[in-house]
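I opened my notebook to look at a few helices and a couple of single residues. Here is the structure I had in front of me.

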Amino acid sequence: MSNLKITGYGDDLTIDSVRLGDLSPAEHENIEKEKGGQNYKPLEDVVVSHVKDSSTLICRKPSDNDVEAYVEEELIDGLCCYSAVNQGQLNQEIVDAVIHHLQKEKLPTVPRSIRHKYMSAFLLAATSITGMDKVVPKVSGAESWELTFKLCRRWGYQVKQIPKNECIIVGATGNFHGRTLAAVSMSDDPDSRGEFGPFLPGIELVPYNDIDALKKLFEAKGDKIAAYSVEPIQGEAGVIVPDDDYWPEVQKLCKKHNILLAMDEVQTGFGRTGANFAYQLFNVQPDIIGCGKAAGGGILPVSFVAGKKEIIDTLTPGSEGSTFGGYPLASVVGVYAIKTLVDLKLAENARVRGEQLMNHFNDIKNEFPDKIKETRGKGLLTAFEMHDEKQLDGHKVSVELLNQGVYAKETHHSTVRVAPALTIESWQIDNMAEKLHKVIKEL
Ligand SMILES: Cc1ncc(COP(=O)(O)O)c(C=O)c1O
């Protein structure tokens, strides 16, 4: 029998004799190393303790005078949980909706085997914002992509009549769709694949942004290909924006070969790139999309698949499901995440503030062309890439930025992504850029 004793909240939360407020950043790190899996390498010497406002984190750093102690400092959040917090931290309207729901409406969790009224609200809101016929709720981004993948296969067999077990889904090199076995089966990143095989068959990759390669593959194997499943802008790869005519050309090819265009909008959706969904920037219409991250308003994990009727209708009772996909509280959060996207005009703010940030990036690049190689982005999904030299190290930039009070993170050795909340204000962008300028100058 365990004698485990848990008491208190916040800093007073105490697990047996360990009180959270007494732990230094180094002690937190030790606990994570001793008791947790090492699948992340968080920035050293910093522990976030709470948020101050929609774009400011309060973090604890070691005290200069006492190794056992810490000091609290403000950090501008330049990452907003990889675009999960587009609506800003603790968005008041979403928080109010959650509190109201739990205290007044009183329906947190029931299974999908009994109908609840909030599902209707979520389906109405999600079909309306995406303009798609039907929506299926899930929980994580990876699950939304994986369900998209499964639906494309079903459509391939049932509608396109691909012979049994011969269906191919095409992906792009450099993709990131999450960490499930299907997602890493499509990945070409050795770190996420190593010793996790054997992988899922029926996947082929083409170079991203290479229309000729896609054309060649579709001509060779189009009869067996159900979908081209891709990110409209590649996020984890370092914010790779394809040529303006790439997506319209892809769409034409997909139509010609009766192949679905399936887009992963988990990171690019919900206003991030200056449009509600990134595909809208390129004037194309995918057949099915997967959303996650900001679909939960920075409060709960909420994801969903939205698509054409003929694709979603391949689902039958028992063929798919998720305990927490669309449970009442998630449905409410999902509705309010959409409401704030619309009411706060987040896409428009991302466009305007994104331009402001890119102007700063370009000024820095022009001043230090020997250091900054390229700036990239749409809306507030932005990145700068440094030249491939040892001292131009993305991790070092992240650490130096942290010392200046900005949280941003490298994606590869020499690329740093900056993607703040879409509620960020003009002065905060200027402030962030000023600190970035200082860091780059001193590299
Ligand atoms: C494009 C894309 N798809 C899927 C995922 C996976 O989302 P999650 O981590 O919520 O499973 C991510 C996460 O970064 C992503 O960027």
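My entries below go helix by helix and end with two single residues.

**Ground rules.** I am working with a predicted model, where local features need pLDDT of at least 70, side-chain atom pairs count only at pLDDT 80 or more, and totals for chains, interfaces and linings use all residues. Residues are numbered from 1 along each chain as its sequence is written, and side-chain values use heavy atoms, with hydrogens and water left out.

**Entry 1: H11.** I started with helix H11, residues 328-343. Helices here are DSSP runs of H or I with at least four residues, strands are runs of E with at least two, and both are numbered from the N terminus. At 1.5 Å a residue, the 16 residues of H11 should span 22 Å, and the end C-alpha atoms are 22 Å apart, which agrees. I noted that the expected span is 1.5 Å times one less than the number of residues.

How many of the 16 residues of H11 are buried? I got twelve, so I wrote H11 down as mostly covered (buried means under 20% relative accessible area, exposed over 50%, partly exposed in between, with a 1.4 Å probe and protein chains only). Among the buried ones are Leu329, Val332, Val333, Ala337 and Leu341. The buried residues pack against H3 (92-105), H4 (117-130) and H12. Just after H11, lysine 345 has a positive phi of about 50°.

**Entry 2: H3 against H11.** Next I checked how these two cross. Their axes come within 9 Å and cross at roughly 155° (axes are lines fitted to C-alpha atoms, for helices over the stretch in contact, and angles run from 0 to 180 degrees between N-to-C directions). That makes H3 roughly antiparallel to H11; the classes are under 35 degrees for roughly parallel, over 145 for roughly antiparallel, 65 to 115 for roughly perpendicular, and oblique for the rest.

Which residues of H3 meet H11? I listed Glu93, Ile94, Ala97, Val98, His101 and Leu102 on the H3 side, and on the H11 side a set including Pro328, Tyr336 and Asp343 (contact means heavy atoms within 4.5 Å). By class, this contact has ten nonpolar, two polar and three charged residues. Ala, Val, Leu, Ile, Met, Phe, Trp, Tyr, Cys and Pro count as nonpolar, Asp, Glu, Lys and Arg as charged, and the others, Gly among them, as polar.

**Entry 3: H12 against H14.** Helix H12 (residues 346-367) and helix H14 (residues 426-441) pack at about 20°, with axes 10 Å apart. The two are therefore roughly parallel. Arg353, Leu357 and Phe361 are among the H12 residues that meet H14, where the partners include Ile429, Ala433 and Leu436. I count eight nonpolar, four polar and three charged residues in this contact.

**Entry 4: H4 and serine 128.** H4 has 14 residues and reaches 21 Å from its first C-alpha to its last, close to the 20 Å expected. Its buried residues include Tyr118, Met119 and Phe122. Serine 128 lies in H4 too. Is serine 128 buried or exposed? Its relative accessible area is 58%, so I put it down as exposed. Just after H4, glycine 131 takes a positive phi of about 70°.

**Entry 5: alanine 419.** I found alanine 419 in the loop between strand S18 (415-418) and H14. With a relative accessible area of 1%, alanine 419 is buried. Leaving aside neighbours within four places in sequence, its contacts include Gly78, Cys80, Arg272 and Leu380.
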